[in-house]
Amino acid sequence: MGYFPFFVDLEGKEGLIVGGGAVASRKIEKLAPYGPKLTVAAPVFDSEIRQMKGITLVEEPFSAGMLEGKYFAIAAADSSELNRFVSRLCRERGILVNVADDREACTFIFPSLVRKGKLSVGISTEGASPSAAIYMKDQINRQIPKDFDKLLEFMESGRERVMKQIPLEEQRSICLKTLFSMCLEKGRGLTEEEFSDVVSSCFRQPPGA
């Protein structure tokens, strides 16, 4: 299989998680920061899931009607037979589905995630070695500069200003690269004076120089 790492906007998307145990809990924790509307269905829920905020709990066995209007589903029940049943229904209805510990029944897989503010890094070995994915996650975490999330917030606001102030694409590209390099070097966002100096220098630099 060839899993392409799409980054999909989940804000406000309807998702169903079938299962009320530890596996379902881990899936919820990964998904929740990305803003989907999660419904969790199971006859019984772990106390950890009951304490989670912002999710809808349906304390009853899975039924096909629960998939109505759902953008994606996670089959994380204790029963492999039930998980396969959920997968089959999702495939028939064109709903994205992930089945815990059953790659063949998935239409998408969960990567090992590194998240820091607006930075999201997804790591997958296509199921070949979860241990290798965890190793790479640890390596990437060690490489992320301190306060990188704040740096990205500065770059987001700075990018909007540069787009308005610099009309030529080549000059904008140079300016944004310079701003980012300076932020990395200083370990912080730039002051207004520093920002203005960079933008002014980009204006003075002729295209193609």
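Colleague: How many salt bridges does the structure hold?

Modeller: The model discussed here is a predicted one. Side chains of opposite charge can pair when their charged atoms come close. Counted over the structure, the salt bridges number seven.

Colleague: Which residue forms a salt bridge with R88?

Modeller: R88 lies in helix α3, which spans residues 80–93. Its partner lies in that helix too, four residues apart from R88, about one turn of the helix. The closest N and O atoms of the pair are 3.1 Å apart, and the partner is E92.

Colleague: Is E92 buried or exposed?

Modeller: A residue counts as exposed when its relative accessible area is over 50%, and as partly exposed between 20% and that value. R88, at 42%, is therefore partly exposed. E92 has a relative accessibility of 55%, so E92 counts as exposed.

Colleague: How many residues apart are K118 and E156, whose side chains meet in a salt bridge?

Modeller: The N to O distance in this salt bridge is 3.6 Å. The pair links distant parts of the chain, since K118 is in the loop between β6 and β7 and E156 is in helix α5, residues 148–165. Along the chain, the two residues are separated by 38 residues.

Colleague: In which helix does E192, the partner of R161 in a salt bridge, lie?

Modeller: The closest N and O atoms of R161 and E192 are 2.6 Å apart. R161 belongs to helix α5, and the pair links distant parts of the chain, 31 residues apart. E192 lies in the helix of residues 192–204, namely α7.

Colleague: Which residues do salt bridges that share partners join into one network?

Modeller: Here the salt bridges have partners in common, and one network results. Its members are K186, R188 and E194.

Colleague: Which element gives the largest share of the lining of the largest pocket?

Modeller: The largest pocket holds about 950 Å³ of space. Its lining has 26 residues, and the closest to its centre are F6, V8, F108, I109 and P111. The elements that give two or more residues to this lining are α1 and β7. The largest share, three residues, comes from β7.

Colleague: How many charged residues are in the lining of the second largest pocket?

Modeller: The second largest pocket has a volume of about 720 Å³. Of its 26 lining residues, K27, K30, D101, F110 and P130 lie nearest the centre. By class, the lining divides into 12 nonpolar and six polar residues, while the charged residues number eight.

How values were computed: Residues numbered from 1 in each chain as written. Predicted model: local features only at pLDDT ≥ 70, side-chain atom pairs only at ≥ 80, totals over all residues. Heavy atoms only, no water. 1 Å grid on protein atoms, 1.4 Å probe; cavity = no way out; pocket = protein on both sides within 12 Å on 5 of 7 lines; lining within 4 Å. Points joined across faces, edges and corners; volume = space filled by probe spheres on them. Nonpolar A, V, L, I, M, F, W, Y, C, P; charged D, E, K, R; others polar. Salt bridge = Lys/Arg side-chain N within 4 Å of Asp/Glu carboxyl O. Buried < 20%, exposed > 50% of the residue type's maximum accessible area, 1.4 Å probe, protein only.
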